[in-house]
Amino acid sequence: MSRVVVVTGASSGIGRAAAREFAGRGDRLVLAARSAESLAEVRHECRQVGAEVRDVPTDVTEPGALDALAATTVAEFGRIDVWLHTAAVMAYGRFEEVPVEVFEQVVRTDLLGAAGAARVALRHFRSARRGTLILTGSVLGHVTAPYLSGYVTSKWGLHGLSRVLRQESRDLPGVHVCLITPGSVDTPVYQRAANYAGRFGRPPLPIATPERVARAIVACADRPRREISVGRFNLLMRVGFTTLPGLYDRLVGPLMRLCGLTDRPVAPTEGVVFRPHPADEAVRGGWLPDLPGLVRSIGGTAASAGAAARRGLRQRFGSRPTDAATVAPGGSGHERPQLR
Ligand SMILES: NC(=O)c1ccc[n+]([C@@H]2O[C@H](COP(=O)([O-])OP(=O)(O)OC[C@H]3O[C@@H](n4cnc5c(N)ncnc54)[C@H](OP(=O)(O)O)[C@@H]3O)[C@@H](O)[C@H]2O)c1
């Protein structure tokens, strides 16, 4: 039977990839984020694979907005089976240089927005005695990194909250509270961040695809688990952070400057912390090579090089060259149609 899935943060990155993945499974979707324009695009993408979809522009920091979202979902589809919360923003910069209102809005969005979604979802699940809440944490909810204080504070808070919620739901075997903890993922969140660090941020290697995280999310909705970590270095980072705190703290600053920030200068900006910017919302952030495109361009280059070589040989010898490897049994290369 198709599930009713609410996705908060569905207009970009991991939430958008997850919406498409749920849609491909035949689930019914209610998509939420601030940008109505981007949500309409995602609705279209999901409908193309046959899913029933509603989009409800929602700011998770607005009082009452999440209650209204739940009410619309129940009015449209009768129930909520899964609530996936991915909405978040980031701000780069040394803690004391990030404007107070920016720091507070990051925490309001990433921690209080997630708490608000959890409250609304769990009230619904408690009365239905079933449902799955999937919160999106981060490896930065297990370890810390400089220049992302608001984000790291929020993710540590969210990890603690998710544990409390799991403990409080123990009387309801049909209710699940799950946490997805990605490492670096190729989404636009880095370019969209507020920035007071002077240099654009980027995801440190290794970088996972949002589609991979989306598959982990849907697998979690199918078979709920406490936590799913997506990222090849996540465990290593946690072990280093816990067992060698002195060494970790000495290395993490230089590593962050080297691997987590680009050389591209940026003037102080609020990014999308207070307002959405639909033009840069997409599933991918462009941090990974576009492999299918690369294969196509290598194929194109090889084909043009082959054609140029054939032309050169024709000009030199005055007829089409015979390629012994393409001679069909019982015939000569001249009898075969030439591929161009
Ligand atoms: N990308 C990574 O490397 C990475 C790593 C670990 C964890 N994560 C987590 O994964 C989740 C998704 O991040 P992402 O990388 O996919 O980022 P993203 O591409 O920037 O997407 C963030 C989503 O949150 C929405 N959003 C932001 N503020 C909102 C608000 N006030 N109300 C409603 N929606 C809001 C955005 O839409 P609007 O702007 O239109 O509102 C957008 O749909 C986040 O929780 C992030 O912390 C990401």
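This briefing covers the ligand shell, three helix pairs and some backbone details. The model is predicted. The shell around the ligand holds 34 residues. Helix 4 packs with helix 3 at an angle of about 35° and with helix 5 at an angle of about 20°. Helix 1 packs with helix 7 at about 55°.

**Around the ligand**

- Of the 34 residues in the shell, Ser12, Gly13, Arg34, Ser35 and Thr187 come nearest to the ligand.
- Four elements give two or more residues each: helix 1 (13-24), helix 4 (100-128), strand 8 (184-185) and helix 6 (189-192).
- Helix 1 supplies the largest share, with 3 residues.
- By class, the shell has 14 nonpolar, 16 polar and 4 charged residues.

**Helix 1 with helix 7**

- Helix 7 spans residues 210-222, and its axis lies 8 Å from that of helix 1.
- The angle between these two helices is about 55°, so helix 1 is oblique to helix 7.
- Their crossing is right-handed.
- Helix 1 brings Gly13, Ile14, Ala17, Ala18, Glu21 and Phe22 to the contact. Helix 7 answers with Pro210, Glu211, Val213, Ala214, Arg215, Ile217 and Val218.
- This contact has 9 nonpolar, 1 polar and 3 charged residues.
- Gly13 appears twice in this briefing: it is among the residues that come nearest to the ligand, and it also meets helix 7.

**Helix 3 with helix 4**

- Helix 3 covers residues 65-77 and packs against helix 4 at an angle of about 35°. The two axes are 9 Å apart.
- Helix 3 and helix 4 cross in a right-handed way.
- From helix 3, the contact uses Leu66, Asp67 and Ala70. From helix 4, it uses Gly116, Ala117, Val120 and His124.
- The residues of this contact divide into 4 nonpolar, 2 polar and 1 charged.

**Helix 4 with helix 5**

- Helix 5 runs over residues 149-168, with its axis 8 Å from the axis of helix 4.
- The angle here is about 20°, so helix 4 is roughly parallel to helix 5.
- This crossing is right-handed.
- Helix 4 contributes Phe103, Val106, Val107, Asp110, Leu111, Ala114, Ala115, Ala118 and Leu122.
- Helix 5 contributes Ser149, Gly150, Tyr151, Thr153, Ser154, Lys155, Gly157, Leu158, Leu161 and Leu165.
- By class, the contact of helix 4 with helix 5 counts 12 nonpolar, 5 polar and 2 charged residues.

**Backbone details**

- Most residues other than glycine have a negative phi, and most peptide bonds are trans.
- The bond from Leu205 to Pro206 is cis, with omega near -5°. Pro206 sits in the loop between strand 10 (199-201) and strand 11 (207-208).
- Arg129 has a positive phi, near 60°, and is not a glycine. The loop that holds Arg129 joins helix 4 and strand 6 (131-136).
- Arg129 has 11 other C-beta atoms within 10 Å, so Arg129 is exposed. The cut-off for exposed is 12 or fewer.
- Tyr147 also has a positive phi, near 70°. Tyr147 lies in the loop between strand 6 and helix 5.
- Tyr147 has 23 other C-beta atoms within 10 Å, so Tyr147 is buried. The cut-off for buried is 20 or more.

Notes: Residues numbered from 1 in each chain as written. Predicted model: local features only at pLDDT ≥ 70, side-chain atom pairs only at ≥ 80, totals over all residues. Near = placed C-beta within 6 Å. Nonpolar A, V, L, I, M, F, W, Y, C, P; charged D, E, K, R; others polar. Axes fitted to C-alpha atoms, helices over the stretch in contact; angles between N-to-C directions. Left-handed = near helix turned anticlockwise from the far one by under 90°. Contact = placed C-beta atoms within 7 Å. Parallel < 35°, antiparallel > 145°, perpendicular 65-115°, else oblique.
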